[in-house]
Amino acid sequence: MYSGEKAYVQGLKEKFPNEEAAIDKYMKMVKEVAKGTLHMVLLKSLPLPLVRLLDSLGVLAFCSPFLRAATQSLEEVLSQLPASPDLKAVLSYICPTYGVIPKNVSFSIYALLINHLLDGAFYPRGGSSEIAFHLIPVIQRAGGAVLTSATVKGVLLDSAGRACGVTVKRDRGLVNIFSPIVISSARIFDTYEHLLPEKARCLPEIQSQLGRVQHGPFTFCVFICLRGSKKKLGLEANNCYVYFDTDTDHAMERYLSLSRDQAATNIPYFLVTSTSAKDPTWKDRFPDQSTLMMMLPARYEWFEEWKDEPQGKRGSDYEAVKESFVEASMSVLMKLYPQLEGKVHNVSVGSPLSHPFFLAAPGGEPYGAGPDLSRLQPHVMATMRPQSPIPNLYLTGQDVFTCGLFGALHGALLCSSTILQRNVHLDLLRLHSRVSAALPKKTN
């Protein structure tokens, strides 16, 4: 796949010269649906009774290609194309990014992602931690504080059931921090099922919201340290998606039905990427070293028996299960990149049991609510908004909008708009216009 819309389409047509009509129709559908992103914002901004009325009358789907496609699966939409199974498989290639197979993922989310990546993607200079390092001074200048090693254990409620602060775990015990409002960027499951007091968790409004969404997919990650620079090792700043079957739905369903002893030899796909190759500052910070990451689907149940054991001390049986997946992964990697033979310095692994420790995700999934068809129904999208059933408690992040960094940013804009009672999206557009106007004009 090539970045840039023209190169992307041309590359597809070169590989499938007899299917140009299908490729053109596909691109038209992607562009038409992706234009309706703001409809998702409107859905979460309009009064809920109005949204429910418009949805029941069929107005939403009639007026918005985005909302109409939200209720259709990727598989369903691709079946409308005069395309071969191979082309359909290639057009579905990006499924590992969000972990949902073609027959279960909403075409709207797929179209958003494809359109977003048509011109390529970005990687922060210095790695993803730079995002936090640059945000913290902004928060502090505004009078805020950023605490680390301060695990939030619960949301405090007053006698009227309103959020009034959080309980934080410190070295010397629990500390209560009081505030007029509480904003949770944790997943909706974590916030409602783990941070709220038991009485609040049982509220019908809370249970209703939880019942509308499902947990996201689980992953197994292999992190590989290599000896040699990206130039010496021939690594590129791209993502490599490896499939072994054109029928992704069937291959994935079969894989997830297997026992853990059989699963490692039947992995349906891998996502392989090198963050060190993407980061222009890496060579100065870590000369003659490189990294690779391999991500593959997994089931939590394959590792669940060790969930109560401490991190790093789960015993030889657990390590043996992990090693079976590592061996299968490394075998594929060496076929892809034979030049890496003998260059591996170290390998570490993240199973679904690692996510509660490293990502504070009690359920073990790296994303929050899964971006499947059930979540993308218009009436469900409308209810997944910053206002929670608990007064003064607001939600932000991935579950308010959609998964990934891009979705989390939009979730933050929606949350800010709700609390400030102003349209922060419009503020951002005005700022963009002012910045663009101040830039030097290009000359021929």
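# Exercises on a predicted model

The buried residues of helix H9 are Phe-107, Ser-108, Ile-109, Tyr-110, Ala-111, Leu-112, Leu-113 and Ile-114. The structure is a predicted model, and the exercises below refer to it.

## Exercise 1: helix H9

Task: decide how far helix H9 (residues 107-117) is enclosed by the rest of the structure, and say what covers its buried residues.

Solution.
- Step 1. Count the buried residues: they are 8 of the 11 in H9, so the helix is largely enclosed by the rest of the structure.
- Step 2. Look for the cover. Included in it are helix H1 (5-15), helix H2 (20-34), helix H3 (37-45), helix H6 (65-70), helix H7 (74-78) and helix H8 (85-91).
- Step 3. Inspect the N-terminal end of H9. Ser-106 caps it, with a side-chain oxygen 3.2 Å from the backbone nitrogen of Ser-108. Ser-108 is itself one of the buried residues of H9.

## Exercise 2: a hairpin

Task: describe how strand E2 (residues 163-170) and strand E3 (residues 173-178) pair.

Solution.
- Step 1. Find the sense of pairing: E2 and E3 are antiparallel, over 6 bridges.
- Step 2. Pick out one pair of residues: Lys-169 is opposite Leu-174 in E3.
- Step 3. Check the connection. With 2 residues between them, E2 and E3 form a hairpin.

## Exercise 3: the five-strand sheet

Task: give the strand order of the open sheet of 5 strands, and name the helices that pack on it.

Solution.
- Step 1. Read across the sheet: the order is E6-E7-E8-E5-E9, and the pairing is antiparallel.
- Step 2. Identify the edges. Strand E6 (239-243) and strand E9 (344-350) each pair on one side only.
- Step 3. Note the turn between neighbouring strands, which is 20° on average, direction ignored.
- Step 4. Examine one pair. E5 and E9 are joined in the antiparallel sense by 6 bridges, and Leu-226 has Val-344 in E9 as its bridge partner.
- Step 5. Add the helices. Helix H15 (residues 248-257) packs on the sheet and touches E6, strand E7 (269-273) and strand E8 (289-298); its direction makes about 85° with that of E8. Helix H19 (residues 316-336) also packs on the sheet, touching E5, E6, E7, E8 and E9, and its direction makes about 130° with that of E9.

## Exercise 4: Gly-216

Task: locate Gly-216, and decide whether this residue is buried or exposed.

Solution.
- Step 1. Place Gly-216 in the loop between helix H13 (204-211) and strand E5 (218-227).
- Step 2. Apply the cut-off: buried means under 20% relative accessible area. Gly-216 has 5%, so it is buried.
- Step 3. List the contacts. Beyond its neighbours within four places in sequence, Gly-216 touches Glu-365, Gly-368, Ala-369 and Gly-370.
- Step 4. Set sequence against space: Gly-216 and Gly-364 are 148 residues apart in sequence, and their C-alpha atoms are 9.2 Å apart.

Key
Residues are numbered from 1 along each chain as its sequence is written. This is a predicted model: local features need pLDDT of at least 70, side-chain atom pairs count only at pLDDT 80 or more; totals for chains, interfaces and linings use all residues. Side-chain values use heavy atoms; hydrogens and water are left out. Helices (H or I, at least four residues) and strands (E, at least two) are DSSP runs, numbered from the N terminus. Buried means under 20% relative accessible area, exposed over 50%, partly exposed in between (1.4 Å probe, protein chains only). Contact means heavy atoms within 4.5 Å. Two strands pair if DSSP finds at least two bridges between them. Axes are lines fitted to C-alpha atoms, for helices over the stretch in contact, and angles run from 0 to 180 degrees between N-to-C directions. A polar contact is a pair of N or O atoms within 3.5 Å; within protein, one must be able to donate a hydrogen and the other to accept it, and residues adjacent in sequence count only if both atoms are side-chain atoms.
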